[in-house]
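Me: I am new to this structure and want the reasoning behind each label. Please set values against cut-offs as we go.

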Amino acid sequence: MEEINNVEVVPCTESEYLKPFRVLYNQVSYLFVSVLLFNTTSHCFVLVKQFRPAVYMCEWEKAKTKTSQGAEKTEEGDASESQEGQSASAEESSPSSQWPPALAGVTYELCAGLVDKPDLSLEEIARQEVLEECGYDIPASKLKRITSFRTNVGLIGSKQTMFYAEVSDDNCVSAGGGDPREGELIEVVKVPLHEAMTFAYDERIPKSLGLIFSFIWFHNNMSPKYKISTNV
């Protein structure tokens with residue numbers, strides 16, 4: 001997951017999942033489910049870590065801007081540099097040669113998925129995502145609905161319904177990792193309960209807003225049950 005190569009920026013003209021369009025007086029939204037998983041055996045949260053192209057490209061843009069600004073300052077500060085040296089410097093600082101490491105596009109998130117099976121309840125879809133991504137097999141009845149909210153409001157205005165579920169090591173039937181047929185490359189990670197709020201507010205750790213909200217919800221509603229402080 002932390003290796004990336006052969007990166008090219010090209011126009012997106014055809015994609016199975018991304019279909020750019022302009023909306024004229026019609027609103028389009030999508031439904032998602034997400035699940036905050038708490039392992040009662042090890043007292044930790046079970047999260048997923050994924051490579052997100054959009055996040056990576058934001059980091060690329062930032063790196064490209066810094067490289068460009070650095071090149072301008074170098075040219076201004078060293079007017080006597082030879083033409084040959086300038087060419088070599090320009091090549092070394094070329095944005096296309098300064099791709100960030102793949103880790104720059106990896107984010108921590110809740111187990112989540114698209115609601116794309118109209119014959120199943122949200123709970124059943126969430127259960128399938130937990131099994132597929134994290135490897136825990138639990139009945140849909142164990143999923144507690146937290147709330148629903150709008151996300152990606154500036155792009156697709158999707159509605160996400162968040163659930164909470166407690167699992168144990170006995171429920172773990174596989175390593176998870178997502179469905180390779182859908183192009184998923186997911187790493188399952190665990191965050192100890194006593195580190196949760198520090199993790200949530202650590203700006204150095206790339207994470208989704210839903211994950212932060214879910215940790216705050218747990219802190220306010222569930223942490224007294226386990227008698228472990230989750231304060232920062």
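Me: Why is Arg127 called buried?

Reply: This is a predicted model, and its values are computed from it. Arg127 has a relative accessible area of 18%. Buried means under 20%. So Arg127 counts as buried.

Me: Is Glu124 buried or partly exposed, and why?

Reply: Glu124 has 21% relative accessibility. Buried needs a value under 20%, and exposed one over 50%. Glu124 falls in between, so Glu124 is partly exposed.

Me: What makes Glu124 and Arg127 a salt bridge?

Reply: Their side chains come to 2.9 Å, N to O. The cut-off is 4 Å, between a nitrogen of Lys or Arg and a carboxyl oxygen of Asp or Glu. The pair therefore qualifies. Both residues lie in helix H3, residues 122–134. They are three residues apart, about one turn of the helix. Together with Asp137, Glu124 and Arg127 form a network of salt bridges.

Me: How many salt bridges are there by this rule?

Reply: The count is seven. One of them joins Glu109 and Arg52, at 2.8 Å, N to O. This pair links distant parts of the chain. Glu109 is in strand E3, and Arg52 is in the loop between strand E2 and helix H1. They are 57 residues apart.

Me: Why do Glu109 and Arg52 get which accessibility labels?

Reply: Glu109 has 10% relative accessibility. That is under 20%, so Glu109 is buried. Arg52 has 33%. That lies between 20% and 50%, so Arg52 is partly exposed.

Me: What makes Asp116 and Lys117 a salt bridge?

Reply: Their closest N and O atoms are 3.3 Å apart. This is within 4 Å, so the pair counts. Asp116 is partly exposed at 44% relative accessibility. Lys117 is partly exposed at 30%.

Me: What joins Thr107 to Glu109?

Reply: A polar contact of 2.6 Å joins their side chains. The limit is 3.5 Å, so the distance fits. Thr107 is found in strand E3. At 7% relative accessibility, Thr107 counts as buried. Beyond four places in sequence, Thr107 touches Val48, Lys49, Gln50, Arg52, Val55 and Pro206.

Me: Why is the ring pair of Phe51 and Tyr56 called tilted?

Reply: A search of the whole structure finds twelve aromatic pairs. In the pair of Phe51 and Tyr56, the ring centres are 5.5 Å apart and the planes are at 50°. Rings pair within 6.5 Å. Stacked needs planes under 30 degrees apart, and edge-to-face needs over 60. An angle of 50° meets neither, so the pair is tilted. Phe51 is partly exposed, at 27%. Tyr56 is buried, at 2%.

Me: Why is the pair of Tyr56 and Trp99 called stacked?

Reply: Their ring centres are 6.4 Å apart, and their planes are at 15°. The distance is within 6.5 Å and the angle is under 30 degrees, so the pair is stacked. Tyr56 lies in helix H1, and Trp99 in the loop between helix H2 and E3. The pair therefore ties together parts 43 residues apart in sequence. Trp99 is partly exposed, at 23% relative accessibility.

Me: How do you know that the charged end of Lys207 sits over the ring of Phe199?

Reply: The charged end of Lys207 is 5.7 Å from the ring centre. The distance limit is 6 Å. The pair is listed as sitting over the ring. Phe199 also belongs to a cluster linked by ring pairs, with Phe45, Tyr164 and Phe215 among the other members.

Me: Which residues touch the most other members of the largest nonpolar core?

Reply: They are Leu36, Phe45, Leu47, Tyr164, Phe215 and Phe218, out of 21 residues. Strands E1, E2, E6 and E7 and helices H4 and H5 each supply at least two residues of this core. Beyond four places in sequence, Phe215 is in contact with residues including Leu36, Phe45, Leu47 and Val191. Another core, of 17 residues, lies apart from the largest one. Among its residues are Val35, Ile125, Ile138 and Phe163.

Me: What makes Asp169 and Asn39 a polar contact?

Reply: Their side chains make the contact at 3.0 Å. That is within 3.5 Å, so the distance fits. Asp169 is found in the loop between E6 and E7. At 38% relative accessibility, Asp169 counts as partly exposed.

Key. Residues numbered from 1 in each chain as written. Predicted model: local features only at pLDDT ≥ 70, side-chain atom pairs only at ≥ 80, totals over all residues. Heavy atoms only, no water. Helix = DSSP H or I, 4+ residues; strand = E, 2+ residues; numbered from the N terminus. Buried < 20%, exposed > 50% of the residue type's maximum accessible area, 1.4 Å probe, protein only. Phe/Tyr/Trp six-rings, centres within 6.5 Å; stacked < 30°, edge-to-face > 60°. Lys NZ or Arg CZ within 6 Å of the ring centre and 35° of its normal. Core = buried A, V, L, I, M, F, W, Y, C linked by side-chain atoms within 4.5 Å. Contact = heavy atoms within 4.5 Å. Polar contact = N/O pair within 3.5 Å; in protein donor to acceptor, adjacent residues only side chain to side chain.
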